[in-house]
Amino acid sequence: PRAGRRAPARAGPAPTPDPALVLRPVDQGSQPGVIGLIAQQTGYATRAFWRDTASAFFTVGFPVMLLLLLPVVFGDQEIEARGGVPLTQFLAGVLAVFGAATAAYADFAERVARARDTGVLKRIHGTPLPVWAFMTGRMTSAIVVAFVSLTVTITVGVLVHDVELVPRALPGLATSVIVGIACFAALGLALAAAAPTARAVPA
């Protein structure tokens, strides 16, 4: 509330705008295309992921740490139920899938729910950025991070524990990984939609 009435301001000459500050229409030809827009949003989302220490650790560092520690604790014993597969061979695949699932399912769902809770998804409608580009970039980033986690875990298994890669199984592995990560991302979206808040997603 005002403390008292003020004298009305006298109308003076309109100020001359600075030519450098005048807003000009954006050249539509300079806007990135669909691929460029998705790549731009993917880069933003990936950079935000690596800046989050907890997400980077549990998605990439934690599977590698378990792969290094569990064989030391239990020894490189054979798994009879798996037809005599060495423990390190079994763990490498399991932990690689664990990291990919964490990136494309748990972490991705929590980030989408957080963007909804903080009003980011709603405010995007008032910007030139399409919502589909924002979401596609985040989903692509989750898939990229999942592949990074999977590749790092398998590489550590090969270098440290002599995990064997079967060449004839690689096409099936690549297909199952791509389909699996896409399914994890779709489940992550469903989880984000069902969870009342971002804090409820991990539970």
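# Salt bridges, cores and helix α5 in a predicted model

Me: In this predicted model, which residue forms a salt bridge with Arg111, the closest N and O atoms being 3.6 Å apart?
Reply: In this predicted model, the salt bridge of Arg111 has its closest N and O atoms 3.6 Å apart, and that distance lies within the 4 Å allowed for such a pair. Arg111 sits in helix α3, while its partner is placed in the loop between α1 (34-51) and α2, 59 residues apart, and the pair thus links distant parts of the chain. The partner of Arg111 is Asp52.

Me: Are Arg111 and Asp52 buried, partly exposed or exposed?
Reply: Buried would require under 20% relative accessible area and exposed over 50%. Arg111 has a relative accessible area of 22%, and Asp52 has a relative accessibility of 22%. Because these values fall between the two limits, Arg111 and Asp52 both count as partly exposed.

Me: Which residue is linked with Asp52 and Arg111 in a network of salt bridges?
Reply: A search of the whole structure finds 4 salt bridges. Asp52 and Arg111 form one of them, and the network that links these two residues also takes in Asp107.

Me: How many residues apart are Glu110 and Arg114, which both lie in helix α3?
Reply: Glu110 and Arg114 form a salt bridge whose closest N and O atoms are 3.7 Å apart. Glu110 is partly exposed at 23% relative accessibility, and Arg114 is likewise partly exposed, at 35%. Their separation in helix α3 is about one turn of the helix, that is, 4 residues.

Me: What is the N to O distance in the salt bridge where the side chains of Asp117 and Arg116 meet?
Reply: Asp117 counts as partly exposed at 38% relative accessibility, and Arg116 counts as partly exposed at 30%. The side chains of these two residues, Asp117 and Arg116, meet in a salt bridge with an N to O distance of 3.2 Å.

Me: Which helix supplies the largest share of the largest nonpolar core?
Reply: The largest nonpolar core has 20 residues, and those with the most contacts inside it include Leu67, Leu91, Ala146 and Ile181. At least two residues of this core come from each of α2 (53-74), α3 (87-117), α5 (131-161) and α6 (170-194). The largest share, 8 residues, comes from α3.

Me: How many residues are in the second, separate core that includes Ala109 and Met135?
Reply: Ala146, which is among the residues with the most contacts inside the largest core, is in contact with Ala100, Ala103 and Ile181 once its neighbours within four places in sequence are left aside. The second core is separate, and Ala113 and Ile124 are also among its members. The number of residues in this second core is 15.

Me: Is Thr153 in helix α5 buried or exposed?
Reply: Thr153 lies in helix α5, where its side chain reaches the backbone oxygen of Ser149 at 2.8 Å. Not counting residues up to four places away in sequence, Thr153 touches Pro63, Val64, Leu67, Ala92, Leu95 and Ala96. Its relative accessibility is 0%, so Thr153 counts as buried.

Me: How far apart are the end C-alpha atoms of α5?
Reply: Because the 31 residues of α5 at 1.5 Å a residue should span 45 Å, the model can be compared with that expected span, and the two agree. The helix is followed by Asp162, whose phi is positive, near 55°. The end C-alpha atoms of α5 are separated by 44 Å.

Definitions and conventions: Residues are numbered from 1 along each chain as its sequence is written. This is a predicted model: local features need pLDDT of at least 70, side-chain atom pairs count only at pLDDT 80 or more; totals for chains, interfaces and linings use all residues. Side-chain values use heavy atoms; hydrogens and water are left out. A nonpolar core is a set of buried Ala, Val, Leu, Ile, Met, Phe, Trp, Tyr and Cys residues joined through side-chain atoms within 4.5 Å. Buried means under 20% relative accessible area, exposed over 50%, partly exposed in between (1.4 Å probe, protein chains only). Contact means heavy atoms within 4.5 Å. The expected span of a helix is 1.5 Å times one less than its number of residues. A polar contact is a pair of N or O atoms within 3.5 Å; within protein, one must be able to donate a hydrogen and the other to accept it, and residues adjacent in sequence count only if both atoms are side-chain atoms.
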